[in-house]
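The report below treats the fold of one chain, the relation between two copies, and the surfaces that face the nucleic acid. Please keep the structure open while reading.

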Number of protein chains: 2
Amino acid sequence: MTAHAHQTQPRRSDATRAAILRAARERFAADGYERATIRAIAADARIDPSMVMRYYGSKEGLFAAAAEFDLRLPDLAAVPPRQRGEALIRHFLTRWEGDETLVALLRAASTNPGAAERMRGIFADQLTATVATFGTDPTTTARRAGLVASQILGLAFTRYIVRLPPMVDVEPEELVSWIAPTLQRYLTGLAEN
Amino acid sequence: MTAHAHQTQPRRSDATRAAILRAARERFAADGYERATIRAIAADARIDPSMVMRYYGSKEGLFAAAAEFDLRLPDLAAVPPRQRGEALIRHFLTRWEGDETLVALLRAASTNPGAAERMRGIFADQLTATVATFGTDPTTTARRAGLVASQILGLAFTRYIVRLPPMVDVEPEELVSWIAPTLQRYLTGLAEN
DNA sequence: GACCAATGCCAACACTCGTTGGCAAACGCT
DNA sequence: AGCGTTTGCCAACGAGTGTTGGCATTGGTC
């Protein structure tokens with residue numbers, strides 16, 4: 001095996017690829033997996049639908065590329081233990097408002113098995129790994145991560161997907177003050193109650 | 001206007017209608033709104049797709065009929081104030097496990113505007129009405145109901161839709177012990193924190 | 001300037017979808 | 001028994017889908 005550079009050289013079509021990806025994220029976030037058509041995405045990106053196929057292989061391939069996502073969880077072990085809940089909800093709120101990829105993934109996860117699988121990966125692996133660094137009883141780590149995910153995803157679902165009026169109108173700072181204690185208890189509270 | 005009986009007399013096709021509705025709920029719950037095809041629903045009910053149209057008018061009409069749902073919230077004002085969170089989560093868990101209508105509604109709400117609207121109605125109206133009977137500051141009622149909805153729907157989303165392993169495996173009783181305090185605080189906790 | 005790969009568009013295929021209209025059989029009523 | 005209504009199925013339409021192959025054009029390389 002020869003030594004070869006892993007960084008692919010820039011292609012002339014990179015701008016097109018990026019435009020497709022941007023349009024795809026928008027459409028998937030707004031309409032979900034099945035209602036977001038390749039034709040509509042291509043129209044948004046001002047190119048031909050066949051280009052999407054050439055560059056991403058299939059609709060599933062396009063979604064896989066568009067739903068690439070990293071939670072970028074901060075190193076919570078470095079945060080004072082009693083402030084970890086607040087740090088978590090703050091991080092998620094900013095992450096969510098600034099990147100529609102998560103909304104796309106969340107919408108699609110309801111109906112698309114691949115999207116659900118990816119969602120499981122993100123929230124089980126990344127979140128569990130973080131919780132595991134806290135030194136609580138290892139047998140409860142997965143459960144704690146799951147509970148945190150349930151509140152985080154429930155917040156996102158009601159605020160960005162279903163758009164429940166009280167959850168849409170409430171100020172982020174007030175959300176933090178309500179939800180931080182919940183996450184804090186899920187992270188560090190006693191297991192039996 | 002003559003006096004007429006409002007109770008429609010039983011029709012010969014009632015069995016067929018019920019079979020369609022049952023199959024529809026199953027399909028909508030398993031596949032979501034757009035992947036659940038009328039043809040598949042009709043096949044499950046062992047009738048012709050055109051019958052679905054005759055009895056329910058359209059796919060949207062069928063979904064509206066299949067997603068008819070009442071939370072049947074108990075009279076929480078009669079429950080001791082400190083046990084209302086536990087009573088709530090218990091009620092929702094049993095309601096959810098026993099009726100796939102809610103799962104159908106939840107799945108469809110991600111991509112279908114009508115389903116989202118109905119979800120808003122159910123969780124805003126019914127839940128808010130219940131919270132309003134508790135005598136807390138009326139200006140916080142909607143927010144409290146929204147927060148409760150966020151945790152309840154987050155639980156359902158992770159357990160029944162995305163199927164996060166830790167949330168699927170955990171025993172209902174342990175879910176109650178973890179989530180009851182959360183709902184309790186959302187219902188009766190101080191507003192500013 | 002000649003070659004060749006990369007980029008883009010057009011037209012079409014094969015399929016599935018919701019939906020419709022017509023026709024046959026079964027039923028209920030007098 | 002005879003009639004009208006109800007129930008059910010069949011065949012088809014029109015629209016929209018993901019996907020494919022071919023062809024013109026552009027760009028870089030020797």
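Read from the N terminus on, the elements of chain A follow the order α-α-α-α-α-α-α-α-α-α, and the secondary structure of this chain comes to ten helices and zero strands; helices (H or I, at least four residues) and strands (E, at least two) are DSSP runs, numbered from the N terminus. This is a predicted model, in which local features need pLDDT of at least 70, side-chain atom pairs count only at pLDDT 80 or more, and totals for chains, interfaces and linings use all residues. Residues are numbered from 1 along each chain as its sequence is written, while chains are lettered from A and ligands numbered from 1 in the order in which they are written.

**Chain A and helix 5 of chain B**

The C-alpha trace of chain A spans about 55 × 55 × 25 Å along its principal axes. Of the 193 residues in chain A, 40% are buried, where buried requires 20 or more other C-beta atoms, placed from the backbone, within 10 Å of a residue's own (exposed is 12 or fewer, partly exposed in between). Among contacts in chain A with a separation of 6 or more, 65% join residues 24 or more positions apart; a contact requires C-beta atoms, placed from the backbone, within 7 Å.

In chain B, helix 5 (residues 84-98) has 15 residues and reaches 21 Å from its first C-alpha to its last, close to the 21 Å expected at 1.5 Å a residue, the expected span being 1.5 Å times one less than the number of residues. Its buried residues are B:Arg84, B:Gly85, B:Ala87, B:Leu88, B:Ile89 and B:Phe92, and what covers them includes helix 8 and helix 10 of chain B.

**The two copies and their interface**

Two copies of a chain are related by a rotation about an axis and a shift along it. Here, chain B can be laid on chain A with an RMSD of 0.1 Å by a turn of 180° and a shift of 0.0 Å along the axis, with the superposition made by least squares on the C-alpha atoms of residues with pLDDT of at least 70 in both copies. That is the relation of a two-fold axis. B:Gly154 is the residue of chain B that comes closest to the rotation axis, at 1.7 Å (C-alpha).

In the interface, 40 residues of chain B are in contact with 40 residues of chain A. On the chain B side, helix 8 (141-161) is among the elements giving two or more residues, and helix 8 provides the largest share, 14 residues. Because 100% of the interface residues of chain B are also interface residues in chain A, the copies meet through the same surface.

**The surfaces near the DNA**

A residue is near a strand if its C-beta atom, placed from the backbone, lies within 6 Å of it. The table divides each surface by class, with Ala, Val, Leu, Ile, Met, Phe, Trp, Tyr, Cys and Pro counted as nonpolar, Asp, Glu, Lys and Arg as charged, and the others, Gly among them, as polar.

| Surface | Nonpolar | Polar | Charged |
|---|---|---|---|
| near DNA strand C | five residues | six residues | six residues |
| near DNA strand D | five residues | six residues | five residues |

Around DNA strand C there are 17 residues, of which A:Ser13, A:Asp48, A:Ser50, B:Ser50 and B:Ser58 come nearest. Helix 3 of chain B gives the largest share of this surface, three residues. DNA strand D is surrounded by 16 residues, the closest being A:Ser50, A:Ser58, B:Ser13, B:Asp48 and B:Ser50, and helix 3 of chain A gives the most to that surface, with three residues.

Methods. Two residues are in contact if their C-beta atoms, placed from the backbone, lie within 7 Å.
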